[in-house]
Amino acid sequence: MSAGHHADTKEHGHADHGVDHGSLRGYLTGFGLSVVLTAIPFALVMSNALGNQMASAIAIMAFAVVQIVVHMVFFLHMNTRSESGWTMMALIFTLILVVIALTGSLWVMYHLNINMMPGHDMSQMP
């Protein structure tokens, strides 16, 4: 680093380190996509367009997943290039842990409901 560049980073309070901080166009694109990805599920629920609660729930979850990706790309600036890919590796590791925790929790709750709720075997009693 040259002395002039080092002085510039001290003056602004942070170093760039080659990280993309986004642009106004990128933020507005992310905001617009977020609004659309929120308005569509809202309209699906309010108009009962799909006619089926399960289909509506699946559609809402799909829009939620897409919106999470939009937030990560446009607002958190996550990509495979930033920090030599460690950001993406940390995200993948976190997602794996969340899936394991949610799957295990749902499995435990399902089996507790089946095995512990009274009245399931009442039809077989004399």
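Select Gly30, Ser34, Leu37, Pro41 and Leu44 in this predicted model. These are the buried residues of helix α2. Against which part of the chain do the buried residues of α2 pack? Their packing partner is helix α3.

**The whole of α2**

Extend the selection to residues 24–47, which form α2. This helix contains 24 residues, and the distance from its first C-alpha to its last is 34 Å. That span is close to the 34 Å expected at 1.5 Å a residue.

**The pair α2 and α3**

Add residues 53–74, which make up α3. Two packed helices are described by the angle between their axes and by the distance between those axes. For α2 and α3 the angle is about 170°, and the axes lie 10 Å apart. An angle over 145 degrees counts as roughly antiparallel, and α2 is therefore roughly antiparallel to α3.

Which residues form this contact? On the α2 side, colour Gly26, Tyr27, Thr29, Gly30, Leu33, Ser34, Leu37, Thr38, Ile40, Pro41, Leu44 and Val45. On the α3 side, colour Ala59, Ile60, Phe63, Val66, Gln67, Val70, His71 and Phe74. Sorted by class, the contact of α2 with α3 comprises 13 nonpolar residues, seven polar residues and no charged residues.

**Helix α3 by itself**

Hide α2 for a moment and consider α3. Its 22 residues should span 32 Å at 1.5 Å a residue, and its end C-alpha atoms are 31 Å apart, which agrees with that expectation. Now select Ser56, Ala59, Gln67, Val70 and Met72, the buried residues of α3. What covers them? The cover includes α2 and also α4, which runs over residues 86–116.

**Glutamine 67**

Show α2 again and select glutamine 67, in helix α3. Is glutamine 67 buried or exposed? Buried residues have under 20% relative accessible area; glutamine 67 counts as buried because its relative accessibility is 17%. Leaving aside neighbours within four places in sequence, glutamine 67 is in contact with Ser34, Leu37 and Thr38. Of these contacts, Ser34 and Leu37 are among the buried residues of α2.

**Histidine 71**

Continue along α3 to histidine 71. With a relative accessible area of 33%, histidine 71 is partly exposed. When neighbours within four places in sequence are set aside, histidine 71 is in contact with Ser34 and Leu76. Display the C-alpha atoms of histidine 71 and leucine 33 as well: the two residues are 38 apart in sequence, yet their C-alpha atoms are 9.2 Å apart in space.

**Two loop residues**

Next, select asparagine 48, which lies just after α2. Where is asparagine 48 placed? It belongs to the loop between α2 and α3. Most residues other than glycine have a negative phi. Asparagine 48 has a positive phi of about 50°, although it is not a glycine. Its relative accessible area of 49% makes asparagine 48 partly exposed.

Then move to histidine 77, in the loop between α3 and α4. Histidine 77 is also a residue other than glycine with a positive phi, here near 55°.

**The chain as a whole**

Finally, clear the selection and display the entire chain. How many helices and strands does the chain have? There are four helices and zero strands, and the order along the sequence is α-α-α-α. The chain has 126 residues, of which 13% count as buried. About 10,300 Å² of the chain is exposed, and carbon and sulfur atoms supply 71% of that area. Among contacts between residues at least 6 apart in sequence, 55% join residues at least 24 apart. The tour can close where it began, with the buried residues of α2 packed against α3.

Conventions
Residues are numbered from 1 along each chain as its sequence is written. This is a predicted model: local features need pLDDT of at least 70, side-chain atom pairs count only at pLDDT 80 or more; totals for chains, interfaces and linings use all residues. Side-chain values use heavy atoms; hydrogens and water are left out. Axes are lines fitted to C-alpha atoms, for helices over the stretch in contact, and angles run from 0 to 180 degrees between N-to-C directions. Helices (H or I, at least four residues) and strands (E, at least two) are DSSP runs, numbered from the N terminus. Angles under 35 degrees count as roughly parallel, over 145 as roughly antiparallel, 65 to 115 as roughly perpendicular and the rest as oblique. Contact means heavy atoms within 4.5 Å. Ala, Val, Leu, Ile, Met, Phe, Trp, Tyr, Cys and Pro count as nonpolar, Asp, Glu, Lys and Arg as charged, and the others, Gly among them, as polar. Buried means under 20% relative accessible area, exposed over 50%, partly exposed in between (1.4 Å probe, protein chains only). Accessible areas come from the Shrake-Rupley method with a 1.4 Å probe; for residues, only the protein chains shown count as cover. The expected span of a helix is 1.5 Å times one less than its number of residues.
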